Amino acid sequence: MESSVNLLKTDTVALDEANDAVVIIDQTLLPGRVELISLRTAQEIWEAIYQLRVRGAPAIGVTAAFGIYLLANRLETEDFDAFMAEFAEQKQYLDSARPTAVNLSWALRRMERVALQAGREEGLTVGQVKERLRLEAHAIRDEDIKVCQKIGENGLTLLSPGDGILTHCNAGRLAAVRYGTATAPIYLGQERGYGFRVYADETRPLLQGARLTAFELYASGVDVTLICDNMSGSVMAGGLVQAVFVGCDRVAANGDTANKIGTSVVAAVAGYYGIPVYVCAPTSTIDMDTPRGEGIHIEQRPGGEITEMWYREPMAPPGVKVYNPAFDVTDHGLIEGIVTEYGIARAPYEESLKEIMARRGMRVD
Ligand code: MRU
């Protein structure tokens, strides 16, 4: 079916103020249909995040920021404390949609801080606090675009023309507002004639690599080859891959990194073949309050995603036990560098990540 929405010209997440809605590309319909949907209620926003209609750490953060603004803007009270009490309830509800990507709680906390600063510290009216929230939500979105561009610049310094790059899941434009994180160097290299060859893992069980990464790279004219998850060793052994670039959902203070399930396997295999693994992470994904990877809450999802979701009939014996963690943690020892908008952190990560976070006071552009 022909779609009237051009993926390459449409932001993954946008605020439609005239219609009081957050507008997203519904990623559950891709690649068959590129359709926008409008989210108006707290339940619709929660459901869209939980069902991965919008997914990818940065995109979830921007959706939450726009969402909490819309919900707060509708509150009718003029009393600041009553306003903040309802705000806190909505914030907690949206935050419960998915646990692993820190961008969700990061964006919601940032919005809450702005409201408290405006209402409590500066004594502004509830109407003025709402305007501050509107500006902050737009700032979070605008920063996401700039941050991804910077990650693209920094990541490209690690690559050479003609390189083969393997990526897992989707850390592409569909996981952010535009450009993506792990794909940002690929898009920039494409613009500059680097002629990269990209291998996209299909990414069981929800197929973000096949449905999203292969789709957006192919649509952009990048030389992309789709492989099953269990083929990464084969392409690496064959000398087809010079670097692995992946995104992440949370980076612990020691550099351990949670990303889509299977990333740690790719990293271990790449380590065996001496291929560098780079994790692309906006600083909003770095969680200095979590010392090590084992402290990261890993989302568990329904077993039906493995046994039946993509099949005409169930492909596992009824009642069989299923284990379906959505993410895994890659040990920092397997990571050659963490590419942020403020530069590339390298081991020892306790030091380099602290340094990167200290630079966060600087402007991104
Ligand atoms: O379950 P998903 O599709 O939200 O998982 C997404 C990933 O694992 C991405 O690699 C990660 O969020 C980084 S996106 C720039």
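This is a short dialogue on reading the ligand site and some backbone features of a predicted model.

Q: Which residues come nearest to the ligand?

A: Start with the residues that surround the ligand. Here there are 18, and R55, A57, R98, N259 and K260 come nearest.

Q: How do I spot polar contacts with the ligand?

A: Look for pairs of N or O atoms within 3.5 Å. In this model, a polar side-chain atom of K260 is 2.7 Å from a ligand oxygen atom. For R55 the distance to a ligand oxygen atom is 2.8 Å, and for D249 it is 2.9 Å. The protein covers 100% of the 420 Å² of accessible area that the ligand has on its own.

Q: Where does the ligand sit, and which elements give two or more residues to its shell?

A: The ligand takes up the space of the largest cavity. Helix 2 (57–73) and strand 9 (257–260) are the elements that give two or more residues to the shell. Domain 1 (7–148) and domain 2 (151–360) each supply at least three shell residues. By class, the shell has 8 nonpolar, 6 polar and 4 charged residues.

Q: Which peptide bonds are cis?

A: Most peptide bonds are trans. In this structure, a cis bond joins L30 and P31, with omega about 5 degrees. P31 is in the loop between strand 2 (21–25) and strand 3 (36–39). The bond from R204 to P205 is also cis, with omega near 0 degrees. P205 is in the loop between strand 5 (197–201) and helix 7 (208–219).

Q: What is the phi of Y179, positive or negative?

A: Most residues other than glycine have a negative phi. Y179 has a positive phi of about 65 degrees, and Y179 lies in the loop between strand 4 (164–167) and helix 6 (184–191).

How values were computed. Residues numbered from 1 in each chain as written. Predicted model: local features only at pLDDT ≥ 70, side-chain atom pairs only at ≥ 80, totals over all residues. Heavy atoms only, no water. Near = heavy atom within 4 Å. Polar contact = N/O pair within 3.5 Å; in protein donor to acceptor, adjacent residues only side chain to side chain. Areas by Shrake-Rupley, 256 points an atom, 1.4 Å probe, with all protein chains shown as cover. 1 Å grid on protein atoms, 1.4 Å probe; cavity = no way out; pocket = protein on both sides within 12 Å on 5 of 7 lines; lining within 4 Å. Sits in = over half its atoms within 2 Å of the grid points. Helix = DSSP H or I, 4+ residues; strand = E, 2+ residues; numbered from the N terminus. Nonpolar A, V, L, I, M, F, W, Y, C, P; charged D, E, K, R; others polar. Domains from an automatic or database assignment.
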